[in-house]
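Visitor: Before we look closely, could you take me through this model with the reasoning shown at each step?

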Amino acid sequence: MTAWTSLRKPVFIPASLAIFGLIAFAAFYGGTAEDAFTALNGVLADGVGWWYVLAATGFVIFALYCAFTRIGKLRLGCDNEEPEFGLLSWFAMLFSAGMGIGLVFYGVAEPLMHYLTPPEAGGVAGGTDAAANQALEITMFHWGLHAWSIYVVIGLGLAYMTFRKGRPLAVRWLLEPLLGRKRVEGWMGHTVDAVAIVGTLFGVATSLGFGVQQIMAGLEYLGWIESNNLWILGVVVVITLIATLSVVSGVHRGLKWLSNTNMTLAALLAFFVFAVGATLFLLQAWVQNLGNYAQALPELMLRTAPFSDDGWAAAWTVFYWGWWISWAPFVGMFIARISRGRTIREFVMGVLIAPTLVSSVWFTVFGDSAILRQREAGDVAPGDSVTASTALFAYLDTLPLATITSILAICVVVFFFVTSSDSGSLVVDILATGGAIETSKITRTYWAVLEGAAAAVLLIVGGSEALTALQTASIVTALPFSIIMVLACFSLLRAFRYDVSQMSNYVHMVEVSAQGEQSAAAPVAAQSLPPHRSVWRGARGISASLATLDTPRPVSGDRNGTGGTVYSLRPVESCDIVIDPATGAATVAENAVEDPLAGQVFDTPEFAASHEGSLRAAPPDSDPPTKVN
């Protein structure tokens with residue numbers, strides 16, 4: 001199959017045309033485009049900002065519900081499958097793709113901005129102790145559970161539908177339990193995937209552009225260069241070349257190595273600031289920041305500030321939720337791609353909790369350190385004016401080895417942007433091919449080069465206005481996509497309910513006599529038992545008679561040296577039980593929980609390697625497969 005024939009034309013062609021058209025509009029009519037998209041974004045923020053706030057909080061509830069109920073036991077793959085990547089490599093890749101870029105860019109700038117110019121709704125004055133505490137609360141709110149729960153919705157849904165149910169790795173399939181296969185494979189599905197491609201490429205391209213601006217600002221701050229179009233082009237070409245080589249080499253080689261490398265460099269930079277800065281102060285601040293975040297979260301998560309007229313909520317919280325939602329197809333799909341073999345509980349805890357904790361450490365180290373320095377010397381943001389692209393370098397300049405740490409910071413920015421471009425190209429290519437996990441190197445190269453070319457054209461021709469216009473355009477796409485995500489939550493819950501209803505619990509039964517003679521493996525009281533009544537090993541009570549159960553599995557011996565019988569028990573909701581009025585016999589109603597996927601079969605490698613495919617391929621009475629490579 002050639003690269004062209006592997007592409008899904010109803011998705012690839014409209015998405016490519018929209019990308020080229022919007023890039024041209026933003027580049028050649030930068031000021032007009034910025035004004036138009038900013039005005040549109042302002043209308044959306046004022047009119048439906050409440051929806052973004054409500055939806056983002058709903059995604060947190062959805063993620064936690066999936067983790068802490070029986071849904072969490074489901075595995076994203078075959079039941080006995082091992083994770084494809086080790087824990088550290090998995091975490092490094094998902095974190096690098098998810099927000100490593102923004103942490104470097106805003107690590108100093110955002111807490112400092114909130115400290116100097118706090119929101120009116122917070123009721124505190126800028127530059128005070130209360131403003132310093134609130135600054136970190138707000139920053140962690142923007143980069144914590146809410147941000148990552150948005151990624152959980154898409155990532156979890158895609159991993160479940162692909163690795164457990166055998167569907168192609170594309171956003172459209174999240175809606176199959178709700179809409180059915182026919183609609184998902186039609187124009188509705190094509191539209192969803194095309195919108196996801198446009199939003200992803202614009203998000204990566206604009207982030208690459210802002211990253212180049214920060215790199216140029218850092219080099220200029222050090223006095224090494226004077227920013228011009230030739231330097232911009234050179235930086236973009238270098239980053240794009242590294243990203244292209246990485247994306248061609250595949251996930252297991254280039255991207256894995258780059259992610260591990262940039263996480264190591266970022267950790268070294270953070271440790272240096274922690275060690276040479278106010279170490280004891282930062283330890284105290286981190287503990288307090290966690291407590292303040294937990295305390296403030298119930299208030300912040302539904303704050304829309306209807307009585308405030310400073311526009312802060314629209315400029316920060318609504319902007320962030322829109323930005324994370326616009327990135328959700330990209331980051332969510334990439335996280336899904338690297339999460340095969342993990343349980344839903346492992347997935348949610350890894351994607352939701354761990355990055356939130358790491359973000360809290362990062363913002364404490366850089367944000368609180370910068371606030372402390374600003375309070376004492378006032379040289380991080382002279383005149384209380386914060387420049388986001390140079391704030392990090394301004395703070396590093398106050399520490400020993402400023403030149404070395406600034407170079408290290410620039411390297412961290414470069415590597416984070418390379419991994420974002422790399423993973424973004426992979427995700428867009430998967431969408432353009434209809435969900436194929438293994439795609440052509442030619443098409444992967446096409447998307448990587450297009451991202452770099454878009455960033456270069458926007459920076460050289462349109463400048464910051466063009467980047468802002470394109471960024472705002474990608475955020476505008478978040479409104480329809482947020483609706484898709486809410487529908488995806490309900491769709492996935494339907495699929496999860498059926499899967500959980502088919503889940504069995506295995507119990508080991510042993511025999512107990514009425515005289516209290518029992519094996520050491522079943523330490524339960526039996527004085528009132530009739531002879532030969534079965535009990536659950538380790539149970540707190542006695543079961544009903546199990547004589548009518550079918551197909552028990554005998555066990556000749558176990559680690560305690562005793563035998564018994566293993567039964568498969570499946571819990572049933574009381575509403576699904578049918579009582580025969582004549583005999584009193586209880587039976588389970590047929591199709592008590594309907595399969596929303598209707599047993600669909602796909603003739604694809606993804607389906608054959610999935611849990612659903614393995615069940616259909618196995619003989620009726622065989623054990624499930626132990627591992628799928």
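Visitor: Which relative accessible area makes C489 count as buried?
Guide: This is a predicted model, in which local features need a pLDDT (the predictor's confidence in each residue, from 0 to 100) of at least 70 and side-chain atom pairs count only at pLDDT 80 or more, whereas totals for chains, interfaces and linings use all residues. Residues are numbered from 1 along each chain as its sequence is written, and side-chain values use heavy atoms, with hydrogens and water left out. Buried means under 20% relative accessible area, exposed over 50%, and partly exposed in between, with a 1.4 Å probe and protein chains only. C489 falls in the buried class because its relative accessible area is 8%.

Visitor: How far from C66 is the nearest cysteine sulfur?
Guide: A disulfide is taken to be a pair of cysteine sulfur atoms within 2.5 Å, and a search of the whole structure finds zero of them. C66, which is buried at 0% relative accessibility, therefore has no such partner, and the nearest cysteine sulfur, that of C489, lies at a distance of 7.8 Å.

Visitor: Which helix gives the largest share of the largest nonpolar core?
Guide: A nonpolar core is a set of buried Ala, Val, Leu, Ile, Met, Phe, Trp, Tyr and Cys residues joined through side-chain atoms within 4.5 Å, and of the 174 residues in the largest one, L156 and F496 touch the most other members. Helices here are DSSP runs (H or I, at least four residues; strands are E, at least two), numbered from the N terminus. The largest share of this core is 16 residues, and it comes from residues 312-337, that is, helix α15.

Visitor: Which residues does L156 contact, leaving aside neighbours within four places in sequence?
Guide: Contact means heavy atoms within 4.5 Å. On that basis, with sequence neighbours within four places set aside, L156 is in contact with F62, C66, L76, I344, F347, V348 and F496.

Visitor: How far apart in space are the C-alpha atoms of V53 and T304?
Guide: V53 sits in helix α3, residues 30-68, and counts as buried because its relative accessibility is 4%. Not counting residues up to four places away in sequence, V53 touches M301, L302, R303, T304 and W321. V53 and T304 are 251 residues apart in sequence, while their C-alpha separation in space is 7.3 Å.

Visitor: What angle lies between the ring planes of Y106 and W143?
Guide: Rings of Phe, Tyr and Trp (its six-membered ring) pair if their centres lie within 6.5 Å, and planes under 30 degrees apart count as stacked, over 60 as edge-to-face and the rest as tilted; the structure holds 21 such pairs. The pair of Y106 and W143 is tilted, with 6.2 Å centre to centre and a plane angle of 50°.

Visitor: Which ring of helix α15 pairs with W143 of helix α7?
Guide: W143 is buried at 2% relative accessibility, whereas Y106 is partly exposed at 22%. The second pair of W143 is edge-to-face, at 5.1 Å centre to centre and 70° between the planes, and its partner is W324. This pair links parts of the chain 181 residues apart, joining W143 in helix α7 to the helix α15 residue W324.

Visitor: Which residue lies over the face of W90?
Guide: A charge sits over a ring if NZ of Lys or CZ of Arg is within 6 Å of the ring centre and within 35 degrees of the ring normal. For W90, the residue over the face, at 4.3 Å from the ring centre, is R342.

Visitor: How many of the nine residues of helix α17 are buried?
Guide: Among the buried residues of helix α17 are T390, F393 and Y395. Helix α17, residues 388-396, is largely enclosed by the rest of the structure, because the number of its nine residues that are buried is nine.

Visitor: How many contacts beyond four places in sequence does the model have for residues 621-629?
Guide: The protein averages a pLDDT of 80, and 80% of the residues score at least 70. Over residues 512-548, however, pLDDT stays under 50, and the model has 62 contacts beyond four places in sequence there. Over residues 621-629 pLDDT also stays under 50, and the number of such contacts is twelve.
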